[in-house]
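Work through the exercises below with the sequence and the 3D view side by side. Try each task before you read its solution.

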Amino acid sequence: MQEFVSTSSDARLSEERRIAPRAEHATHGGSMELLEVVTDGQVRTISLTDAQVTIGRGLENDVVLTGDARASRSHALMTSIDGVWKVVDRGSTNGTYVNSVRIANPVELNPGDRINIGSSAIVLTTDRTGTAAHRLGDLDAQINAGNFRLSVADRQLLSLLANGATDREIASVMHMTVAEAAAAVEELASRTSAPRRIDLARLATSLGVG
């Protein structure tokens, strides 16, 4: 498993750090499978090189959610069988959510699906060139050019996204319906050329919002 960590707005390419070498790489349609992880406003990209991935606050996990007080020590498990990834909650205190829905049984994942664990957001993807870490240059260029004009509500929304908030949590904090929260995220993504929630979280970090 390899992890690519984005730590500052000046980075143009993520820093590569090998966590644990594996013999084979998991693939989906010939592409490398990746997890994009947002914890406390920091974006990490992790290559999936084994058929089982443990997630939690404990250091023994493959994906360690350091500092996430809402994540359990051993929170969730991802497994790949015949190229199909599934995630299951491991009896955590605060639950595991897939696309804003709390799960009770193993759920099949598709590229782009979002897992919320504690205050962290995790996205399964198969295209490294499309990950947040490799879009830093475009986002930073727009920030430096002053192309972003963000309202107080925009900044509040970015802060919530940087902390992995679901649409339901955004709706509760910002006093709107869940549908309105989803629409607000989509509109902000379109306006900032940050097409995915994880890009908006990265943008929040670049702007010091969170």
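The exercises cover a sheet, a helix, salt bridges, nonpolar cores and backbone angles.

This is a predicted model, in which local features need pLDDT of at least 70, side-chain atom pairs count only at pLDDT 80 or more, and totals for chains, interfaces and linings use all residues. Residues are numbered from 1 along each chain as its sequence is written, and side-chain values use heavy atoms, with hydrogens and water left out.

**Exercise 1. The sheet**

Task: Find the order of the strands in the open sheet, and name its edge strands.

Solution.
Step 1. Know the terms. Helices (H or I, at least four residues) and strands (E, at least two) are DSSP runs, numbered from the N terminus. Two strands pair if DSSP finds at least two bridges between them.
Step 2. Read the order. The open sheet has 5 strands, arranged S8-S7-S9-S10-S13, with mixed pairing.
Step 3. Pick the edges. Strand S8 (63–64) and strand S13 (107–108) are the edge strands, as each pairs on one side only.
Step 4. Look at S7 (residues 52–56). S7 and S8 run parallel and are joined by 2 bridges. S7 and S9 run antiparallel, with 4 bridges between them.
Step 5. Check the partners. Isoleucine 55 has valine 63 in S8 as its bridge partner. Glycine 56 stands opposite valine 64, also in S8. Valine 53 faces methionine 78 in S9.
Step 6. Test for burial. Buried means under 20% relative accessible area, exposed over 50%, and partly exposed in between (1.4 Å probe, protein chains only). In S7, 4 of the 5 residues are buried, so the strand is largely enclosed by the rest of the structure.

**Exercise 2. The two sides of a helix**

Task: Which residues of helix H3 are buried, and which exposed residues does the face turned away from them carry?

Solution.
Step 1. List the buried residues. In H3 (residues 167–174) they are Asp167, Ile170, Ala171 and Met174.
Step 2. Check their directions. They cover an arc of only 100° around the axis, which puts them on the same side of H3. The arc is that of the directions from the helix axis to the C-beta atoms.
Step 3. Recall the rule. An α-helix has 3.6 residues a turn, so residues three or four places apart point the same way.
Step 4. Turn to the other face. Arg168 and Ser172 are exposed there.

**Exercise 3. Salt bridges**

Task: How many salt bridges does a search of the whole structure find?

Solution.
Step 1. Set the test. A salt bridge is a side-chain nitrogen of Lys or Arg within 4 Å of a carboxyl oxygen of Asp or Glu.
Step 2. Count. The search finds 2.
Step 3. Take arginine 73 and glutamate 60. Their side chains meet at 3.2 Å, N to O. Arginine 73 is in the loop between S8 and strand S9 (76–81), and glutamate 60 is in the loop between S7 and S8, so the pair ties together parts that are 13 residues apart in sequence. Arginine 73 is exposed at 52% relative accessible area. Glutamate 60 is partly exposed at 49%.
Step 4. Take glutamate 169 and arginine 70. Their closest N and O atoms are 3.4 Å apart. This pair links distant parts of the chain, 99 residues apart: glutamate 169 is in helix H3, and arginine 70 is in the loop between S8 and S9. Glutamate 169 is partly exposed, at 28% relative accessibility. Arginine 70 is partly exposed too, at 39%.

**Exercise 4. The nonpolar cores**

Task: Which residues of the largest nonpolar core touch the most other members?

Solution.
Step 1. Define the core. It is a set of buried Ala, Val, Leu, Ile, Met, Phe, Trp, Tyr and Cys residues joined through side-chain atoms within 4.5 Å.
Step 2. Name the residues. The largest core has 20 residues, and Leu35, Ile55 and Met78 touch the most other members.
Step 3. Find the elements. Those giving two or more residues include strand S5 (34–39), S7, S9 and strand S10 (84–89).
Step 4. Look for another core. A second, separate one has 19 residues, including Leu157, Ala165, Val185 and Leu200.

**Exercise 5. Positive phi**

Task: Where does aspartate 82 lie, and is it buried or exposed?

Solution.
Step 1. Locate the residue. Aspartate 82 is in the loop between S9 and S10.
Step 2. Note the angle. Its phi is positive, about 55°, although aspartate 82 is not a glycine.
Step 3. Check exposure. Aspartate 82 is exposed, with a relative accessible area of 78%.
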